[in-house]
Amino acid sequence: MSKAQAARWVCLGVLAAMPLGCQPGLGRLAWMFEPPQRVKALYTPPPGKTVLVFVDDVLNPVQYQPIKVELAARLNAYLIQKKLAADTVPYETLVEWGSKTADTEHLSVAEVGQAMGADLVLYVHLDKFSLKDDQQSPLWHGQMGTTIRLVDVKAGRLWPMDRPEGYAMPQVETASVDDSSPTYGTEVARELAEAMAERIVNVFCDHTVPADADRPKWGI
């Protein structure tokens, strides 16, 4: 008997022992005992490279500029942790260079990477970013959407080759929170940056997701 079959028999035993009014759906109970799903990387970057994470908002300027530093910092940390980069360029270095260099808007992503001494550029465009649905409301509800691409500063685009605009990441959002503090937005931005950074780095490495990640969440 396989582990999956054994788990299902355990589920049936647990279900049978429960009072009728307390029984969850059988399908949901079975999912609880299933192992996480293994997901393959969509693209594996060449090893041993210095990576510049270039978070940009050129097509949709955001009001909260610190989100770019926050997202880049978390991506840099993940790239090193997952051994997807030998080194990374601090985002602050990019910002300082940009403040002292004229006509940077005419440079390509590869040219910016070369100027930063990077081998690869992970370009992340902020397509959507908001901390609230209504700026006059005390209700915080963060949302972030990005499009990414990986560029070799000498060879050009590495990935995705079939999508000129880049790979659109699934949007992330935070739960709605009623808080009158004007500084609570910092916490919302951190949550969004962490969630998006994790999703982006998972594009480039094998990872696991819960067995029910793509299934409806039914109530008990």
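**View A. Ring pairs join Y43, W159, Y167 and F204 into a cluster.** The model shown here and in the views below is predicted. Within the cluster of Y43, W159, Y167 and F204, the view centres on two members, W159 and Y167. Both W159 and Y167 are buried.

**View B. The rings of F54 and Y123 meet edge-to-face.** Six aromatic pairs are counted in the model. In the pair made by F54 and Y123, the ring planes stand at 90°, which is over the 60 degrees required, so the pair is classed as edge-to-face, with 5.2 Å between the ring centres. F54 belongs to strand 2 and Y123 to strand 4 (residues 120-130), so that distant parts of the chain, 69 residues apart, are linked by this pair. F54 is buried, as is Y123.

**View C. W159 and Y167 form a tilted aromatic pair.** The planes of the W159 and Y167 rings are 40° apart, and the distance from centre to centre is 5.2 Å.

**View D. D56 is a buried residue of strand 2 without a salt bridge.** Strand 2 covers residues 50-56 and includes D56. For D56, the nearest side chain of opposite charge is that of K68, 5.2 Å away. With neighbours within four places in sequence left aside, D56 contacts Y123, V124, H125 and L126. One of these contacts, Y123, is also the ring partner of F54 in View B.

**View E. The charged end of K132 sits over the ring of W140.** The distance from the charged end of K132 to the centre of the W140 ring is 4.3 Å.

Conventions. Residues are numbered from 1 along each chain as its sequence is written. This is a predicted model: local features need pLDDT of at least 70, side-chain atom pairs count only at pLDDT 80 or more; totals for chains, interfaces and linings use all residues. Side-chain values use heavy atoms; hydrogens and water are left out. Helices (H or I, at least four residues) and strands (E, at least two) are DSSP runs, numbered from the N terminus. Buried means under 20% relative accessible area, exposed over 50%, partly exposed in between (1.4 Å probe, protein chains only). Lys and Arg count as positive and Asp and Glu as negative; His and the chain ends are not counted. A salt bridge is a side-chain nitrogen of Lys or Arg within 4 Å of a carboxyl oxygen of Asp or Glu. Contact means heavy atoms within 4.5 Å. Rings of Phe, Tyr and Trp (its six-membered ring) pair if their centres lie within 6.5 Å; planes under 30 degrees apart count as stacked, over 60 as edge-to-face and the rest as tilted. A charge sits over a ring if NZ of Lys or CZ of Arg is within 6 Å of the ring centre and within 35 degrees of the ring normal.
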